[in-house]
Amino acid sequence: MRLIGEILQETAGLAPEMLEYALGVQREKGGRLGEILVKKKVLSPVALLQGLAVQFDYGFVDQLPDDISADFVARVPLPFLKKYKLLPLAGEKVVICNDPLLFQPMDDLCGLLGWPEAEIRLAPVDIILSALNSLYDVNQGSAEQVIQDMRDEDTQQIISDIEETGDLLDDTSDAPVIKFVNLMLSQAVRAGASDIHIEPYQESFKIRSRVDGILYDMFSPPRHIQSALVSRVKIMAKLNIAEKRLPQDGRIEIRIADKNVDLRVSTIPTAHGERVVLRLLDKSNVLLRLSSLGMDGETLARFNKLIKLPHGIILVTGPTGSGKTTTLYAGLSSINSAAINILTIEDPIEYRLEGIGQMQVNSKIDLTFARGLRSLVRQDPDVILVGEIRDIETAQIAIQSALTGHLVFSTLHTNDSASAVTRLVDMGIESFLVTSSVVAILAQRLVRVLCADCKEAYSPSAEALAGVGITAEMAAGHTFYREKGCSECLNTGYRGRVGIYELMLMDEAVKSSVIKSSDANVIQRVAMAQGMTNLRQDGVRKVCAGVTSIEEVFRVTQQ
C-alpha cells in the first residue's frame, strides 16, 4: 500500500516541506498524518478523503442519491451509525464511511444487515450525518400512528419527568405523548416553522405551525390527550405543571438532527384548557448580512451610512414577526469591531453576538428596559441597542443617550415610518426632542418568496396590477409570476421570506413637518416628496423582479 503522504503530493499538491513538517509532528506527538495536515489547515478534509480513497482503492462520493432506502432504520440504531459515521445503501450493498480504518464497525454493520460483504465508499462527514438525520427523522413513525397510540394509551400514566437525550431523534422512549412531542418539534424544524400553536377548543384540539408568516394545520390529536401533551411541554420548559390558572413563560434548548434549536414557551389559561405557543429559533442559522435582507442598492447604501454615525437614534418599526430584530442584529454585526463598545438590552436575547455585551430584561427582579438602559449608559458604550421602546421612561433615556454622543438602535410597533413619530409624541416626547435625536426610521415587512422550482409566469389583470399601484408603463418588459406548489415548498408555492423596506430620513423638510404637526399622513407625504419609497412601492419592485407575487405584496401592505 502506498504511503498517504506520497499520494497527497500527487492528488492535493501537498508541498514537500509541509509533508516533512507533518511527519516531524507525527514523530514527536503521534497521530495520523492526514489529520495533522487538516488540523493545521494545510489540507481540506475533502482532499484528505480523496487521497485515502486512492490509498485504499475505495470510491469517493461528494453527493448521495435522493432515493436512499430506509429499510435499515428499524434494524440499526441511529447512535451507532452516528458514532462511526456510517451509512448503508441497501440497494447497492454499499457502506458509505468517513474513516476507512473502521474495519470492525463496518463488519458489525454488515452483520446487522445480513450482508456477507459490502463495497466501501468514502464521503464527507456532513453529508453522511445529514442523510442519517433525514432518514431517521422521517421514519420515527407517522403522526397518524402516534396519534392512534395516544388514543389507545391511558394518558394518566404518561406524565413523567424523563431526562432529555442530547438529540430528540435519539430519544427511544415508547410513551406516545413523548414520541408525539418529538415528532411535532422535528417536523416543525424541518418545515422551517417559526412558531407552534397548541390550541384547545370545546370539542377539538388543534396544533398549527407558522411557516413563512402563515399558520398551517399540523395535527388534530384526540381532545383527551391535551392535558398530557401540555404537561410534557411544560416539563421540558421546567414550568410548574400543577399551576394551570396563571400564564407562564419558559425556555427549552434542544438539538434536532444537526440543528440547535431554542424554544420560547408561553402558556395562558383559556376556557378549554391551557393554550401553548412555542417560538422556534434555529441557533445554527448564520446571522444574515445586511446585503442579504432584501434592501435595494440605494436603501442599503443609506442604511450603511446611518449605522456608522457617531450619535443619534435609528428606529426600526413594524408588527411582531416582521424581522426588526434580524435587521438590527445584521446592522450591529456589520459595525462590530474591537474599536467600539456595543451594548444591548433585550427581551429576550435572540442571538448571541461575539464581542457584544448583551443584557436580558428580567421583570421578576424589576430589571426593565428603562432601568437596564440607565446602567448601560454608565458602561462607556459607543452603540446601544434597546430591544423595544415600550414607555416614555425608556424613550426619554434613549433620547438623552443619543443627545450625549451615543448611537442608539431600537424598535417600535407601528405600521409605517411616519407613524413612529406620532407614537413617540403620543408617549409624551416633545416634537423638538424627536427631531433633535432621531436620524432615521426604517419600516419593514416580510413577504414570502415564490418557490424557484414551481413558480409560473402569467399575465395579471389590469385590476390586479392597479391594486398594488403598477401602471401599464411600469409593467412593460416585466414577467410576472404566481405561486403553484410542489413538494419542495410543501405545496404552498412559496419558500422563504424577504424584506420590503421604507426608509425615512429625518432631513430638514421632515423635521420641519414634525415640528408643525405629528400627523403621520402629513409627515409621510413630505417624506415621499423628498424621495422616500414606501413599503408598497418597494414591494412592487420585488414583484417586477419576479421575487414575489402581487397577492403577497397586497396582503402585507394593505392598510
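A residue counts as buried when its relative accessible area is under 20%. That cut-off is used in the legends below, which describe a predicted model.

**View 1. Cys451 is a buried cysteine without a disulfide.** Cys451 has 0% relative accessibility, so it counts as buried. The structure holds zero disulfides. For Cys451, the nearest cysteine sulfur belongs to Cys454 and is 3.8 Å away. A disulfide needs two cysteine sulfur atoms within 2.5 Å.

**View 2. Cys110 is also buried, at 9% relative accessibility.** The cysteine sulfur closest to that of Cys110 is in Cys97. The two sulfurs are 11 Å apart, which is too far for a bond.

**View 3. Four strands make an open, mixed sheet.** The strand order is 1-4-3-2. Which strands stand at the edges? They are strand 1 (59-60) and strand 2 (86-89). Each has a single partner strand, so one side of each has no neighbour in the sheet. Helix 6 (residues 103-113) packs on this sheet. Helix 6 touches strand 2, strand 3 and strand 4 (119-122). The directions of helix 6 and strand 2 make an angle of about 40°.

**View 4. Strand 2 and strand 3 pair in the antiparallel sense.** Strand 3 covers residues 94-97, and four bridges join the pair. Leu86 has Cys97 as its bridge partner. Leu87 stands opposite Ile96. Four residues lie between the two strands of this hairpin. One residue to find here is Lys93, which takes a positive phi near 50°.

**View 5. Strand 2 is covered on both faces.** Leu86 and Pro88 lie on one side. Leu87 and Leu89 lie on the other. Are these four residues buried or exposed? All are buried.

**View 6. Leu87 sits among many contacts in the largest nonpolar core.** Setting aside neighbours within four places in sequence, Leu87 is in contact with residues including Leu64, Ile68, Phe72 and Val95. Ile128, Ala131, Leu132 and Leu135 are also among the contacts of Leu87. The core holds 45 residues. Which of them touch the most other members? They are Phe72, Leu81, Leu86, Leu87, Val95, Ile96 and Leu109. Helix 4 (residues 45-56) gives the largest share of this core, six residues.

**View 7. Another core, of 36 residues, lies apart from the largest one.** Among its members are Leu315, Met427, Ile429 and Val510.

Terms used:
Residues numbered from 1 in each chain as written. Predicted model: local features only at pLDDT ≥ 70, side-chain atom pairs only at ≥ 80, totals over all residues. Heavy atoms only, no water. Pairing = 2+ DSSP bridges. Contact = heavy atoms within 4.5 Å. Axes fitted to C-alpha atoms, helices over the stretch in contact; angles between N-to-C directions. Buried < 20%, exposed > 50% of the residue type's maximum accessible area, 1.4 Å probe, protein only. Core = buried A, V, L, I, M, F, W, Y, C linked by side-chain atoms within 4.5 Å.
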